[in-house]
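Visitor: Please show me the structure, and let us then discuss its aromatic residues.
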Amino acid sequence: MAWDFETDPEFQTSLDWIDAFVRTEVEPLDHVLGYPHDVQNPDNRKLVKPLQAKVKEMGLWACHLEPELGGQGYGQLKLALMNEILGRARFAPIVFGCQAPDSGNAEILAKYGTEEQKERYLQPLLDGDIVSSFSMTEPQGGSDPTMFTCRAEPDGNHWVINGEKWFSSNARFASFLILLAVTDPDAPPARRMSMFIVPRETPGVNILRSVNVGIDNGREGTHGYVRYENVRIPADHMLGERGQGFVVAQTRLGGGRIHHAMRTMGQIRRAFDMMCERVLSRRTKGELLASKQLVQAMVADSWIEMEQFRLLVLRTAWRIDKHKNYLEVRKDIAAVKAAMPKVYHDVAVRALQVHGSLGMSNEMPFTSQVLNSLRMGIVDGPTEVHKVTVARQVLRGYQGTDKLFPTQHLPALKEKALARYGHMLELEIGNL
Ligand SMILES: Cc1cc2nc3c(=O)[nH]c(=O)nc-3n(C[C@H](O)[C@H](O)[C@H](O)COP(=O)(O)OP(=O)(O)OC[C@H]3O[C@@H](n4cnc5c(N)ncnc54)[C@H](O)[C@@H]3O)c2cc1C
């Protein structure tokens with residue numbers, strides 16, 4: 001009977017080490033450094049590199065990857081348990097070699113890349129020496145890839161790329177971008193695009209600006225609005241086959257979505273922990289907030305929603321490990337993706353609320369968390385699109401009836417039951 005909710009003791013020891021290490025060594029980085037992906041920044045290098053070395057020494061570097069790629073081959077379930085811890089700190093994923101979007105980019109380079117591509121782009125990415133960007137969304141449309149127009153045209157032994165991409169996260173720190181471009185405009189929608197590796201320094205890769213999210217804090221953001229102007233890249237920089245771009249993207253996005261959910265679980269837990277501490281500390285009208293029934297409802301609702309979400313994430317991770325194919329687990333991943341922003345939002349908002357004015361202030365992390373919960377409803381495809389996927393996949397397991405009344409219509413069920421058992425019962429008319 002394999003239905004077990006326990007973590008095996010040996011891995012729990014690793015989780016305990018990770019938890020202590022993140023609390024003491026990594027969380028402080030969030031308060032003294034800028035962007036985690038700014039890997040060439042001297043301060044980042046000075047503080048992050050030794051911690052990465054420690055993680056490698058402990059055998060916990062890029063654990064989700066197969067051993068031949070320098071990981072432990074832990075798979076998604078163990079990664080989920082790790083990511084719950086890493087999700088608490090901005091710098092933790094980069095310290096452990098499993099940050100987005102590099103983890104997803106590494107996954108497709110490993111799966112679809114040629115030996116040369118792996119050596120030139122994958123290896124330094126896995127070593128943590130460089131970061132990358134994923135350049136898919138365009139200004140005129142993100143949720144619907146059939147609206148993409150960024151074009152790659154063959155020219156001798158090269159491809160020439162022209163078009164714009166929007167919200168290519170970390171483009172300004174990236175050594176290369178993985179780009180989805182239209183190569184075959186007349187092909188069926190799923191075969192129109194191909195994936196390319198574009199070195200960031202290629203002439204014509206112009207970052208118009210790096211957009212920030214949320215309230216204007218005057219700081220340059222990280223989400224590149226990129227104009228590709230006559231960008232010439234060698235033909236061998238196509239990733240996967242011509243026309244396969246959509247399939248390659250789906251492989252990557254499946255992993256990316258579940259990894260976001262694992263890390264988000266860490267933030268939900270963080271908000272919940274802060275909420276509990278607060279209600280057990282703050283007094284009003286002669287008693288603790290924890291004694292107020294309306295506050296108790298907030299704690300109970302938050303715990304229930306958080307635990308439901310956690311189980312859905314862990315079960316989905318377990319199913320990915322079982323099937324080893326994101327497409328087989330599409331419904332589950334879409335469900336996790338659709339559930340994530342609401343649970344995160346609701347728990348963070350309640351945690352903010354019980355902190356009152358302090359909760360609204362920039363001296364606590366709640367407004368950032370609420371903003372991030374909204375971000376989770378958009379990034380990697382909006383919630384609506386994922387709900388559509390869930391509904392379509394779920395309905396594949398059902399069929400309609402051509403009868404006038406539903407198959408569970410009670411009078412019909414009763415008639416059937418009487419036909420089956422009526423002769424065995426002493427029926428009194430009107431007693432049934
Ligand atoms: C913080 C952040 C980081 C990102 N990083 C990257 C990145 O690294 N690389 C990258 O390529 N992209 C990235 N994106 C872009 C992201 O993938 C897109 O924003 C997302 O796919 C939605 O596309 P859009 O913004 O064009 O919205 P649109 O497609 O215009 O959709 C707008 C809204 O319309 C509604 N809607 C859309 N489709 C449907 C539907 N089928 N049914 C019902 N309602 C619908 C939804 O409410 C949706 O939010 C990032 C976005 C954010 C916010």
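Visitor: Why is Phe167 called partly exposed?

Guide: Phe167 has 31% relative accessibility and therefore counts as partly exposed; buried means under 20% relative accessible area, exposed over 50%, and partly exposed in between (1.4 Å probe, protein chains only). This is a predicted model, in which local features need pLDDT of at least 70 and side-chain atom pairs count only at pLDDT 80 or more, while totals for chains, interfaces and linings use all residues. Residues are numbered from 1 along each chain as its sequence is written, and side-chain values use heavy atoms, with hydrogens and water left out.

Visitor: Which class does Trp166 fall into, and why?

Guide: Trp166 counts as partly exposed because its relative accessibility is 25%.

Visitor: What makes Trp166 and Tyr225 an edge-to-face pair?

Guide: Their centres are 5.3 Å apart and their planes meet at 90°. Rings of Phe, Tyr and Trp (its six-membered ring) pair if their centres lie within 6.5 Å; planes under 30 degrees apart count as stacked, over 60 as edge-to-face and the rest as tilted. The pair is therefore edge-to-face.

Visitor: Why is this pair said to tie together parts that are apart in sequence?

Guide: Trp166 belongs to strand β3 (residues 158–169) and Tyr225 to strand β7 (residues 223–234), so the pair links parts 59 residues apart in sequence. Strands (E, at least two residues) are DSSP runs, numbered from the N terminus.

Visitor: Is Tyr225 buried or exposed, and why?

Guide: Tyr225 counts as buried because its relative accessibility is 13%.

Key. Helix = DSSP H or I, 4+ residues; strand = E, 2+ residues; numbered from the N terminus.
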